[in-house]
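Me: I am new to this structure and would like a close look at one part of it, taken slowly and with the terms explained. Please begin with a single residue and work outwards from there.

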Amino acid sequence: MPSTLNATLPVPDMPVVEKHAAVEKHAAVEKQAAVEKQAAVEKQAAVEKQEYRDAMARLGSAVNIITTDGPGGRAGFTASAVCSVTDSPPTLLVCLNRSASVYPVFKENQVLCVNTLADCHESLSNLFGGKTPTEQRFEAAEWERLATGSPILTDALVSFDCKVTQITSVGTHDILFCEAVALRRNDDSHGLVYFDRRYHPLMRQIAC
């Protein structure tokens, strides 16, 4: 006669209501654990605003005056937040604070020129980076026009005449993706960089 001591007794199924309650409780516990884990990561990774600004001051960059002209009017501002995106099509990006007084003009015109400054343009950079009225800003230098009608600084190190093809918002700024439709270079000038909250001339190497 076979022994029944080790026989597995049938277990009645858990009532449907209790089963759903158990699943929901387990899901809630997992969700809470995920929230707590994310909060811990964010707390650990948090960087204070001023700390970030001080760190970015160590990131040397070219100095540019960004200009536009069109239905929204003429405007310009100084910017270092400019970089290349791709060469096919030739595209760069410009970061613009949405609270800036010039923002509505650039948003309406959808064209701009990135004028990269030479070492002689420190005062012009300060002028376009301050509160000086628009007309006085442009009166301080000579300008021309290429394809889009945006002002081209005649003695800029290089000018990228662009149409805005895409805009992405991040935090306080809009990132303007700009396709270059015309270029102008001045190979006889030296550059200007902004590093550690100061201007520094960048000397060209002359080939022997």
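Is Val158 buried or exposed, and what is its relative accessible area?

Reply: Val158 is buried, its relative accessible area being 17%, where buried means under 20%, exposed over 50%, and partly exposed in between, for a 1.4 Å probe and protein chains only. The model is a predicted one, in which local features need pLDDT of at least 70 and side-chain atom pairs count only at pLDDT 80 or more, while totals for chains, interfaces and linings use all residues. Residues are numbered from 1 along each chain as its sequence is written, and side-chain values use heavy atoms, with hydrogens and water left out.

Val158 belongs to strand 9, which covers residues 158-170; strands (E, at least two residues) and helices (H or I, at least four) are DSSP runs numbered from the N terminus. Although Val158 and Asp187 are 29 residues apart along the chain, their C-alpha atoms are separated by 8.3 Å.

Strand 9 is one of the 7 strands of an open sheet with antiparallel pairing, whose order is 3-2-6-9-10-5-4, and two strands pair if DSSP finds at least two bridges between them. In that order, strand 9 stands between strand 6 and strand 10. At the edges are strand 3 (75-79) and strand 4 (82-87), each of which has a single partner strand, so one side of each is left without a neighbour in the sheet.

Strand 10, which runs over residues 173-185, pairs in the antiparallel sense with strand 5, residues 90-97, over 7 bridges. Within this pairing, Leu92 has Cys178 in strand 10 as its bridge partner.

Cys178 is itself buried, with a relative accessible area of 0%. Its sulfur lies 5.3 Å from the closest cysteine sulfur, that of Cys162, which is too far for a bond, because a disulfide is a pair of cysteine sulfur atoms within 2.5 Å. By this rule the count of disulfides comes to 0. Cys95 is likewise in no disulfide, the nearest cysteine sulfur being that of Cys83, 7.3 Å away. In its exposure, Cys95 is partly exposed, with a relative accessible area of 23%.

To return to the starting point, Val158 is buried at 17% in strand 9, and the sheet order places strand 10 beside that strand, with the buried Cys178 serving as the bridge partner of Leu92.
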